[in-house]
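User: I should like to understand how the terms used for a protein model are justified. Please explain the reasoning step by step.

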Amino acid sequence: MKATFGMVKTQKPVLVPILRAGLGMVEGALKFLPNAKVGHVGLARNHVTLEPEKYYFNMPHDTPDRTVFVLDPMLATGGSCSAAISMIKENTGAKHIKLLSIVGVNEGIERVHREHPDVQIYLGVLDDRLNEYGYILPGLGDAGDRLFGTD
């Protein structure tokens, strides 16, 4: 197992959970970055196309001057993460964006790198693959449903 550690060198972070599942990462991230502002991107996955659909977007006004940490516990197809990053770039002009995920697969990593080669990805663990519904295997199921008890 490979692990690399370092210090966060930004004085002006903004945390952006992808709603809903990303909310579960905010409290812990604020312990490491207590001076961070928090924005929100609301996306729901269309279960037919597996593509994200936007329902909410709210960011701090000074986001272009900050380092943005997008929070999503599961990097599966990469669709939601990539869409959130696109929205942040297009609506705020942010240039320094990092993606923080807990579990991911190569398909998601490859999509985010293809669509946003400037974004660094930090991943806790790499799982094997996706199933036909776009869920990570072995994975944890739907992180938002697990977090909020709606499975």
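Analyst: This is a predicted model. In it, E6 and E7 run parallel and are joined by 2 bridges. Within this pairing, Met74 has Val103 of E7 as its bridge partner.

User: Why are E6 and E7 called paired strands?

Analyst: Two strands pair if there are at least two bridges between them. E6 and E7 are joined by 2 bridges, so the criterion of at least two is met.

User: What links E6 to E7 along the chain?

Analyst: The chain passes from E6 through H2 to E7, in a right-handed β-α-β crossover. A right-handed β-α-β unit is also made by E7, helix H3 (residues 106–115) and E8.

User: Which strands pair with E7 over 5 bridges and over 6 bridges?

Analyst: Strand E5 (residues 67–71) pairs with E7 (residues 96–104) in the parallel sense over 5 bridges; there, Val70 has Leu99 as its bridge partner. Strand E8 (residues 120–126) pairs with E7 in the parallel sense over 6 bridges, and Lys98 stands opposite Gln120 in E8.

User: Why is the contact between Asp62 and Lys37 called a salt bridge?

Analyst: The term requires a side-chain nitrogen of Lys or Arg within 4 Å of a carboxyl oxygen of Asp or Glu. For Asp62 and Lys37 the N to O distance is 3.2 Å, which is within 4 Å, and therefore the name applies. This pair links distant parts of the chain, 25 residues apart: Asp62 is in the loop between strand E4 (52–58) and E5, and Lys37 is in strand E2 (residues 37–38).

User: What makes Arg66 buried, and Asp62 partly exposed?

Analyst: Buried means under 20% relative accessible area, exposed over 50%, and partly exposed in between. Arg66 has 8% relative accessibility, so Arg66 counts as buried. Asp62 has 22%, and therefore counts as partly exposed. The side chains of Asp62 and Arg66 also meet in a salt bridge, at 3.1 Å from N to O.

User: How is the salt bridge of Lys89 with Asp118 justified?

Analyst: The closest N and O atoms of Lys89 and Asp118 are 2.9 Å apart, so the limit of 4 Å is satisfied. Lys89 lies in helix H2 and Asp118 in the loop between H3 and E8, 29 residues apart. Lys89 is partly exposed, with a relative accessible area of 24%, and Asp118 is partly exposed at 46%.

User: Which residues are joined into one network by salt bridges that share partners?

Analyst: They are Lys37, Asp62 and Arg66.

Methods. Residues numbered from 1 in each chain as written. Predicted model: local features only at pLDDT ≥ 70, side-chain atom pairs only at ≥ 80, totals over all residues. Heavy atoms only, no water. Helix = DSSP H or I, 4+ residues; strand = E, 2+ residues; numbered from the N terminus. Right-handed = clockwise from strand over helix to strand, strands pointing away. Buried < 20%, exposed > 50% of the residue type's maximum accessible area, 1.4 Å probe, protein only.
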